[in-house]
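Hi,

Here is the structure I promised to pass on. Please have it open while you read the notes below.

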Amino acid sequence: MMDIKRAINSYNTTFGVEFHPKAVLFDMDGVLYDSMPRHAIAWQKSMAQFGIHMTAHDVYATEGARGFDTVKMLVKRQKGTDISDEKAKAMYEVKSNIFHAMPEAPIFDGVKELMQRITDAGLSVNVVTGSAQKPLIARLTHDFGQWLAPDHITTAYDVDRGKPDPDPYLTGLRRAGGLKPWQGIVVENAPLGIHAGVAAGCFTIAVNSGPLPDSDLLVEKPNLLYQKMTELLGDWERIIGS
């Protein structure tokens with residue numbers, strides 16, 4: 001059994017604070033939706049059209065960053081050139097179109113039950129995503145509107161610097177009511193997002209829903225690590241009650 005009390009005590013000592021959660025800030029892809037396999041296919045197919053090679057590992061390793069930032073990084077790395085935001089956004093649009101032509105990704109087991117327990121405990125539900133795909137963002141309010149208010153969603157449109165910069169989660173805390181970092185719980189599945197949550201000073205929980213080894217997530221120093229959202233659901237009362 002995971003030593004949750006020790007994890008919280010370590011967090012308090014590291015940041016010199018007292019953990020007092022008032023909000024949970026979820027990443028979207030790979031946390032709420034089992035969408036990353038579809039994103040991997042869309043990324044690889046779209047980038048191949050521009051002569052860019054992208055592996056499935058690349059997709060998972062860069063997940064959480066703003067899409068057009070990932071495009072610019074890939075072009076710079078493989079072609080040695082800098083492209084404009086406009087060009088990168090156009091290339092990312094190709095990826096988005098391929099993704100949205102695919103069947104909708106399912107919601108992970110345990111997500112809705114966890115959101116209900118969060119609200120029952122008096123905490124707010126928030127989403128912080130690097131996505132700039134409006135249909136995906138619209139789906140959030142459709143699927144989770146019972147718990148998630150539209151003004152508690154932070155997207156790539158709302159920040160100047162995406163993950164792994166802490167700006168997305170600091171923005172999410174502001175939208176959650178001007179909260180301090182020790183009042184937020186971040187739930188992430190990818191290294192860049194975990195880095196962002198930790199850098200923001202939040203208690204950060206990793207859920208390794210993809211193919212990356214645990215070590216790729218643990219190197220970013222999350223406070224807890226689970227393999228499934230249902231495992232986090234099972235520990236929820238222990239986390240907020242410790």
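What follows is a short tour of two helix pairs and two backbone details.

Please keep in mind that this is a predicted model.

Let me begin with helix α2, residues 36-48. With 13 residues at 1.5 Å a residue, α2 should span 18 Å, and its end C-alpha atoms are indeed 18 Å apart, so the two values agree. Its buried residues are Met36, His39, Ala40, Ala42, Trp43, Ser46 and Met47. The spacing in that list, for instance from His39 to Trp43 or from Trp43 to Met47, may bring a familiar rule to mind. An α-helix has 3.6 residues a turn, so residues three or four places apart point the same way. The cover over the buried residues of α2 includes α3 (56-62), α4 (67-79), α5 (85-100) and α7 (134-144).

One of those covering helices, α5, deserves a closer look. The axes of α2 and α5 are 8 Å apart and make an angle of about 135°. An angle over 145° would count as roughly antiparallel, so this pair is oblique instead. The crossing of α2 with α5 is right-handed. On the α2 side, the contact is made by Arg38, His39, Ala42, Trp43, Lys45, Ser46 and Met47; α5 brings Met91, Tyr92, Val94, Lys95, Ile98 and Phe99. By class, the residues of this contact are 8 nonpolar, 2 polar and 3 charged.

The second pair is α6 (residues 111-120) and α11 (residues 229-241), which pack at about 20° with their axes 9 Å apart. Because angles under 35° count as roughly parallel, α6 is roughly parallel to α11. Their crossing is left-handed. Here Val111, Glu113, Leu114, Arg117 and Ile118 of α6 meet Met229, Leu232, Leu233, Trp236 and Glu237 of α11. This contact has 7 nonpolar and 3 charged residues, and no polar ones.

Now for the backbone. Most residues other than glycine have a negative phi, and most peptide bonds are trans. Two places depart from that. The peptide bond from Lys163 to Pro164 is cis, with omega near 20°, and Pro164 sits in the loop between β3 (153-154) and α8 (167-175). Lys221, although not a glycine, has a positive phi of about 65°. You will find Lys221 in the loop between α10 (214-218) and β6 (224-226). Is Lys221 buried or exposed? Its relative accessible area is 63%, so Lys221 is exposed.

Happy to talk any of this over.

Best wishes

Notes
Residues are numbered from 1 along each chain as its sequence is written. This is a predicted model: local features need pLDDT of at least 70, side-chain atom pairs count only at pLDDT 80 or more; totals for chains, interfaces and linings use all residues. Side-chain values use heavy atoms; hydrogens and water are left out. Axes are lines fitted to C-alpha atoms, for helices over the stretch in contact, and angles run from 0 to 180 degrees between N-to-C directions. Helices (H or I, at least four residues) and strands (E, at least two) are DSSP runs, numbered from the N terminus. Angles under 35 degrees count as roughly parallel, over 145 as roughly antiparallel, 65 to 115 as roughly perpendicular and the rest as oblique. A crossing is left-handed if the near helix is turned anticlockwise from the far one by less than a right angle, and right-handed if clockwise. Contact means heavy atoms within 4.5 Å. Ala, Val, Leu, Ile, Met, Phe, Trp, Tyr, Cys and Pro count as nonpolar, Asp, Glu, Lys and Arg as charged, and the others, Gly among them, as polar. The expected span of a helix is 1.5 Å times one less than its number of residues. Buried means under 20% relative accessible area, exposed over 50%, partly exposed in between (1.4 Å probe, protein chains only).
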